Amino acid sequence: MYKVKENGKNHFKLYQASMDMVPQLALENSLRKALDRSEFVLYYQPQLSLETGQIIGVEALIRWISPSRGFVPPSEFISIAEETGLILPLGDWVLREACKQSVTWENQGIPRLRVAVNISSIQFQQTNFVKIVANIIAQTGANPDNIELEITESIAMGSMENTIFKLSQLKEMGFHIAMDDFGTGYSSLQYMNKFPIDRLKIDRSFISLLNTNEKNDAIVKLIVMMAKGLNFKVIAEGVETIQQRTFLEQIDCDEIQGYLISKPLKLEDCNEFLNAATVSCTK
Ligand code: C2E
Ligand code: MG
Ligand code: MG
Ligand code: MG
């Protein structure tokens, strides 16, 4: 594989990209071993209903704690996992782990907590994705009504009919579906009335600009209004300040998630958080 490299003074030179890829290959190799070595854990970030002030769910977020590399954030390994196909076993592990945890919470008397799980488009595109998910549900005994699958706009790049069919099957099984990072993808408003979605997650990039940019504020308002019109719940990601929360309350956004409520927490800390909070998911 060759890449063009700028060689100063507008001279360009072809060089072998493999030199460049050594760190990437090393990362790929340790990623490959990490699943067998149980180096992944799930953290959970609480989600708050602005209407009731109660915790309605948590989003499961993967963490890689590598003995040699330390704490590796998902931004550094999810795309490599996607390129190499490792996202398939990794994604299975995440869903299974989140389902097991959902059952544990149910048994501990926190039955109405929704657990949101990120699903990569690569996972979703598998022809047998619905079957894989059904197997995980059967094996863990989780209630799909307590699980929300977070997809992104990029799943719309596959066949429309097929995407709608798979989503409908998942809905029939009882899962909730959320559109993550809304507004950042190749969003086509076409799919908004065709996909059976329960919730829109407004991307953090819009929330971080709230109260600083009128046009951005108008877009956020519009997304909330659109969600209402289409009968979706709407949740804002990355809420960090009281001012952002107040803005979102004023425009009638349903729910928020972000450091203002809590950072993603390791299981122990999440349990402590849940014990201190009122949890109630009206679904
Ligand atoms: P995402 O699904 O949009 O998750 C939200 C990200 O925003 C998380 O980053 C979370 O820690 C971060 N976040 C939440 N609140 C705040 C806030 O108030 N301020 C700031 N600055 N950040 C906030 P994280 O955990 O690093 O994950 C990044 C992305 O990696 C996720 O974005 C998701 O796309 C992907 N990801 C994480 N876990 C998984 C997984 O299990 N499977 C897949 N396929 N992707 C995952
Ligand atoms: Mg997400
Ligand atoms: Mg997101
Ligand atoms: Mg995001």
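Colleague: What spacing do the donors of the magnesium ion (ligand 3) follow along the chain?

Modeller: This is a predicted model, where local features need pLDDT of at least 70, side-chain atom pairs count only at pLDDT 80 or more, and totals for chains, interfaces and linings use all residues. Residues are numbered from 1 along each chain as its sequence is written, chains are lettered from A and ligands numbered from 1 in the order in which they are written, and side-chain values use heavy atoms, with hydrogens and water left out. Donors are N, O and S atoms within 2.8 Å of the metal (3.2 Å for Na, K and Ca); water is not among the atoms, so sites may look incomplete. For the magnesium ion (ligand 3), the donors are spaced D-D-x55-E.

Colleague: Which protein donors does the magnesium ion (ligand 3) have?

Modeller: The donors lie 2.0 to 2.5 Å from the ion. They are Asp180 (OD), Asp181 (OD), Glu237 (OE) and Glu237 (OE).

Colleague: Which residue coordinates both the magnesium ion (ligand 2) and the magnesium ion (ligand 3)?

Modeller: The protein donors of ligand 2 are Glu59 (OE), Asn118 (OD1), Glu150 (OE) and Asp180 (OD), at 2.0 to 2.2 Å. The two ions are 3.9 Å apart. The pair links distant parts of the chain, with Glu59 in strand 4 and Asp180 in strand 8, 121 residues apart. The residue that coordinates both ions is Asp180.

Colleague: Which element supplies the largest share of the shell around ligand 1?

Modeller: Helices (H or I, at least four residues) and strands (E, at least two) are DSSP runs, numbered from the N terminus. Strand 4 (55-66), helix 2 (74-84), helix 3 (87-107) and strand 8 (176-182) each give the shell at least two residues. The largest share is four residues, from strand 4.

Colleague: Which residues come nearest to ligand 1?

Modeller: A residue is near a molecule if one of its heavy atoms lies within 4 Å of it. There are 22 residues around ligand 1. Those that come nearest are Arg63, Asn118, Asp180, Glu240 and Tyr259.

Colleague: How much of ligand 1 does the protein bury?

Modeller: Take the polar contacts (pairs of N or O atoms within 3.5 Å). A polar side-chain atom of Glu240 lies 2.5 Å from a nitrogen atom of ligand 1, and an N or O atom in the side chain of Arg63 is 2.8 Å from an oxygen atom of ligand 1. Taken alone, ligand 1 exposes 800 Å² (accessible area by the Shrake-Rupley method with a 1.4 Å probe). The protein buries 83% of that.

Definitions and conventions
A polar contact is a pair of N or O atoms within 3.5 Å; within protein, one must be able to donate a hydrogen and the other to accept it, and residues adjacent in sequence count only if both atoms are side-chain atoms.
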